[in-house]
Amino acid sequence: MSRTQALTASEPAPRSSLRRLMARGPALAALAAVALGTAGCSVKGGDNANLIVGKQQFVAKCGSCHTLARGETKGVVGPNLDEAFRASLNEGATRDTVRGVVEKQIQIPNPEGAMPKNLVSGATAKDVSAYVAQVVSKSGKDSGLLATAVQAPGAGKPAVEKGGKLSIAASPSGQLAYVTNKASASPGAVTVEMPNMSGVAHNIAIETGEGGATAKGSKIGASPFTTKTTATVNVTLKPGSYTFFCEAPGHRQAGMYGTLTVK
Ligand code: HEC
């Protein structure tokens, strides 16, 4: 059982993320204490953090496991970060403190947990922590340059079958999405290929009907899971609508699906 599960099981009222982290060890407690002591100076530009890089790297390296509304990530392996920090922020923790906590978490995750350590390091770890601290638990959407730092999931050019081949790439930035949520093909035998250049394991499955985020029709085929290579699946298509989606737990629900129109 992970520490998070242990805490959830033993404590009816969820403790704030900050206190949980402070409970982890003297180093973290000291860090949080120092950070709490400093005035709540603006996160923007602090330590010259680059928030654009921070957002891009968060989406690429963290978003497959964590939900962060402003980052438009919907991972469910780790805690929802908006919820994890809301209580601490409401209790008066500054965003600077949150930043220090996130940076420490990147360096020292729970050894029994699923989070690998040092997914980002050095200046990039600072950028990611600064971005998370700036936007976590905030409503609304990122604006200005941050709004366009990462391509909207699924917004790419529709995929079109040619000569029996249909290529639908997984988001190279690690988002839980294919680059497009629209594809078309003519009826008959089609090889569907999914290049996945990200480090997040995905596959591509095809189902009859337009199910969207939830299973509805029947599955006619699925590729193996892959990272950093291309996976393929052969299917025979009839005129009508199909859904393509990723079968990794939580990915379809997070928006990793699209519609395949056959005519
Ligand atoms: C493979 C999945 C995975 C990835 C990738 C991942 N995390 Fe985590 N994360 C977890 C899990 C599981 C936990 C809970 C266990 C723990 O505390 O280590 C967690 C905990 C956290 C926490 C503490 C939240 C709390 O409630 O106390 C923060 C902050 C965090 N992660 C930030 C990040 C950042 C930033 C990145 C990217 C650099 C990242 N995570 C990448 C799985 C992941």
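The following paragraphs describe the fold, the sheets, the ligand shell and two unusual backbone positions of a predicted model.

The chain contains 8 helices and 11 strands. Of its 263 residues, 41% are buried. Contacts between parts far apart in sequence are well represented: among the contacts with a separation of 6 or more, 68% join residues 24 or more positions apart.

Two open sheets can be followed through the strands, and it is convenient to begin with the one of 6 strands. Its order is β3-β5-β11-β10-β7-β8, and its pairing is mixed. The edges are taken by β3 (159–160) and β8 (219–222); each has a single partner strand, so one side of each is left without a neighbour in the sheet. At the β8 edge, the partner is β7 (residues 205–208), and 3 bridges join these two antiparallel strands. Within this pair, E207 of β7 stands opposite K219 of β8.

The other open sheet has 3 strands, in the order β4-β6-β9, and here too the pairing is mixed. Its edge strands are β4 (165–167) and β9 (229–237), which each have a single partner strand, so that one side of each lacks a neighbour in the sheet. From one strand to the next, the twist averages 25°. Strand β6 (residues 188–196) pairs with β9 in the antiparallel sense, and this pairing extends over 9 bridges. A convenient landmark for the reader is N196, which stands opposite T229 in β9.

Attention now turns to the ligand and the helices around it. The ligand is surrounded by 27 residues, and the closest of these are C62, C65, G78, N110 and G113. Four helices, α2 (17–22), α5 (81–90), α6 (95–107) and α7 (122–135), are the elements that give two or more residues to this shell. In terms of residue class, the shell comprises 16 nonpolar, 9 polar and 2 charged residues.

Of these contributing helices, α6 merits a closer look. Helix α6 has 13 residues and spans 19 Å from its first C-alpha to its last, close to the 18 Å expected at 1.5 Å a residue. This helix is mostly covered, with 10 of its 13 residues buried. The buried set includes the nonpolar-side-chain positions V98, V101, V102 and I106. Also buried in α6 are R95, R99 and K104, which belong to the charged class. The remaining buried residues of the helix are T97, G100 and Q105.

Two residues stand out for their backbone geometry. In the loop between α6 and α7, N118 has a positive phi of about 50° although it is not a glycine. N118 is exposed, because just 11 other C-beta atoms lie within 10 Å, and a residue counts as exposed at 12 or fewer. A second case is found in the loop between β8 and β9, where K228, again not a glycine, has a positive phi of about 60°. K228 is likewise exposed, with 10 other C-beta atoms within 10 Å. The two positive-phi residues thus lie in loops, N118 between α6 and α7 and K228 between β8 and β9.

Technical notes
Residues numbered from 1 in each chain as written. Predicted model: local features only at pLDDT ≥ 70, side-chain atom pairs only at ≥ 80, totals over all residues. Pairing = 2+ DSSP bridges. Axes fitted to C-alpha atoms, helices over the stretch in contact; angles between N-to-C directions. Near = placed C-beta within 6 Å. Expected span 1.5 Å × (residues − 1). Buried ≥ 20, exposed ≤ 12 C-beta atoms within 10 Å, placed from the backbone. Contact = placed C-beta atoms within 7 Å.
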